[in-house]
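Biologist: Please take a close look at one part of this model, the pairing of aromatic side chains. I should then like to see that part set beside its surroundings and the rest of the chain.

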Amino acid sequence: MISARFPNFPGLTPPPIVAVLRLSGMISAGGVTGPFGGGLNIAGTSKLIEAAFSLPCLKAVALVINSPGGSPAQSSLIHKRIRAFAYEKDVPVFAFTEDAAASGGYMLAIAADEIFADPYSIIGSIGVISAGFGFTGLIDKLGIERRMHTAGENKAMLDPFQPENPGDVERLLALQKDIHEGFKRLVRERRGERLRGDDARLFSGEFWTAGRALELGLIDGVGDVRTILRARYGEDVVLRPISASRPWWRRGAGAGAGRGYNLSTGWADDLLGAIEARLWWSRLGL
């Protein structure tokens, strides 16, 4: 069930309504849920997006974004779902960034028609990254024998328990290039002539604060959701937060129980997810 209450004024003209949808956390198929933090994916946001665009008397949808990025596929799916509803309902979309709209987080931001940021927001990081660890020296030191059998010569590509293979790295870089080219096309499509600066800089993976991002055309202005929307729609604009409501029997039962979270089975996965999310934020110095 989605919570999206709105006032009813019989016989009166209702004030302009703007749905406010918060998109916070690392973007991943798993979502990094549980007591250690939130996450973003299409499964968890699709109904919220639909609810945001379904409010009566809707003038606009505001996305409040705070994400260091993550899965390109999940970022793309959320982006496309927002654009699909924006076209269907013919409603403008605004994005407001908090700490960061970087990498996949910026892909979410460009789903909006206009992007605004706090002066201290981190914007950009239009690139692709893959990271991992190699354990060959460790297993040799511990006297562990690695046993693996595959059908398909590339099935074990980038196995962390084997020495890095130059051919595997070449294939990974080709994959990253394809994803990066798609990301760049989407940014050009959504930002168009507002972009300023050469591609080598814009798409290098570098990130900037709001002032520099504004100079480069990555955002449209500096400001917060309340100030910008009151200036745009008037002092009586009503900002309606869109959030998932919980059944009454789960309310007040704690972070884990409130999500239907099983502490006996999920804590290890969530701890690892929280560590991964912390690494993503650390890349931005946050």
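Modeller: In this predicted model, phenylalanine 53 and phenylalanine 85 are both buried. A search of the whole structure returns 3 aromatic pairs. Phenylalanine 53 and phenylalanine 85 make up one of them, a stacked pair with 5.8 Å from centre to centre and 15 degrees between the planes. The two partners come from distant parts of the chain, 32 residues apart: phenylalanine 53 belongs to the loop between α1 (42-52) and β5 (58-67), whereas phenylalanine 85 belongs to helix α2 (residues 72-89).

Another of the pairs is formed by phenylalanine 94 and tyrosine 233, and its arrangement is edge-to-face, with 85 degrees between the planes and 6.3 Å from centre to centre. This pair also links distant parts of the chain, since phenylalanine 94 is in strand β6 (residues 93-102) and tyrosine 233 is in helix α8 (residues 225-233), 139 residues apart. Phenylalanine 94 has a relative accessible area of 2% and is therefore buried, the limit for that class being under 20%. Tyrosine 233, with a relative accessible area of 22%, is partly exposed.

A further ring is approached by a charge. The charged end of arginine 83 sits over the ring of tyrosine 87, at 4.7 Å from the ring centre. Arginine 83 has another role in the side-chain pairing, as Arg83, Asp113 and Arg190 are joined in a network of salt bridges.

The segment that leads from helix α2 to strand β6 also deserves attention. Aspartate 90 is placed in the loop between α2 and β6, and its phi is near 55 degrees, a positive value for a residue that is not glycine. Most residues other than glycine have a negative phi. Aspartate 90 has a relative accessible area of 68% and so counts as exposed. Serine 125 likewise has a positive phi, about 55 degrees, without being a glycine. Serine 125 is located in the loop between β8 (122-124) and α4 (136-142). Its relative accessibility, however, is 4%, so serine 125 counts as buried.

Serine 28 is a second serine in a loop, here the one between β3 (26-27) and β4 (39-40). Serine 28 is buried as well, at 13% relative accessibility. Once its neighbours within four places in sequence are set aside, serine 28 is in contact with Leu40, Asn41, Ser71 and Gln74.

Turning to charged pairs, side chains of opposite charge can pair when their charged atoms come close. The structure holds 11 salt bridges. Among them, aspartate 199 and arginine 188 meet through their side chains at 2.9 Å, N to O. Aspartate 199 lies in helix α6 (residues 199-202) and arginine 188 in helix α5 (residues 166-191), so this salt bridge ties together parts that are 11 residues apart in sequence. Aspartate 199 is partly exposed at 39% relative accessibility, and arginine 188 is partly exposed with a relative accessible area of 33%.

Arginine 201 forms a salt bridge with glutamate 206, and the closest N and O atoms are 3.9 Å apart. Glutamate 206 has a relative accessible area of 34% and is partly exposed; arginine 201, at 31% relative accessibility, also counts as partly exposed.

The salt bridge between the side chains of glutamate 215 and arginine 212, 3.2 Å from N to O, is placed within one helix. Both residues lie in helix α7 (residues 210-215), 3 residues apart, which is about one turn of the helix. Glutamate 215 counts as exposed at 52% relative accessibility, whereas arginine 212 is partly exposed, with a relative accessible area of 38%.

These details may be set against the whole chain. The protein chain contains 10 helices and 11 strands, and 41% of its 286 residues count as buried. Among contacts with a separation of 6 or more, residues 24 or more positions apart account for 72%. The two aromatic pairs described above fit within that wider setting, with partners 32 residues apart in one case and 139 residues apart in the other. The protein chain exposes about 15900 Å², of which carbon and sulfur atoms supply 55%.

How values were computed. Residues numbered from 1 in each chain as written. Predicted model: local features only at pLDDT ≥ 70, side-chain atom pairs only at ≥ 80, totals over all residues. Heavy atoms only, no water. Phe/Tyr/Trp six-rings, centres within 6.5 Å; stacked < 30°, edge-to-face > 60°. Helix = DSSP H or I, 4+ residues; strand = E, 2+ residues; numbered from the N terminus. Buried < 20%, exposed > 50% of the residue type's maximum accessible area, 1.4 Å probe, protein only. Lys NZ or Arg CZ within 6 Å of the ring centre and 35° of its normal. Contact = heavy atoms within 4.5 Å. Areas by Shrake-Rupley, 256 points an atom, 1.4 Å probe, with all protein chains shown as cover. Salt bridge = Lys/Arg side-chain N within 4 Å of Asp/Glu carboxyl O.
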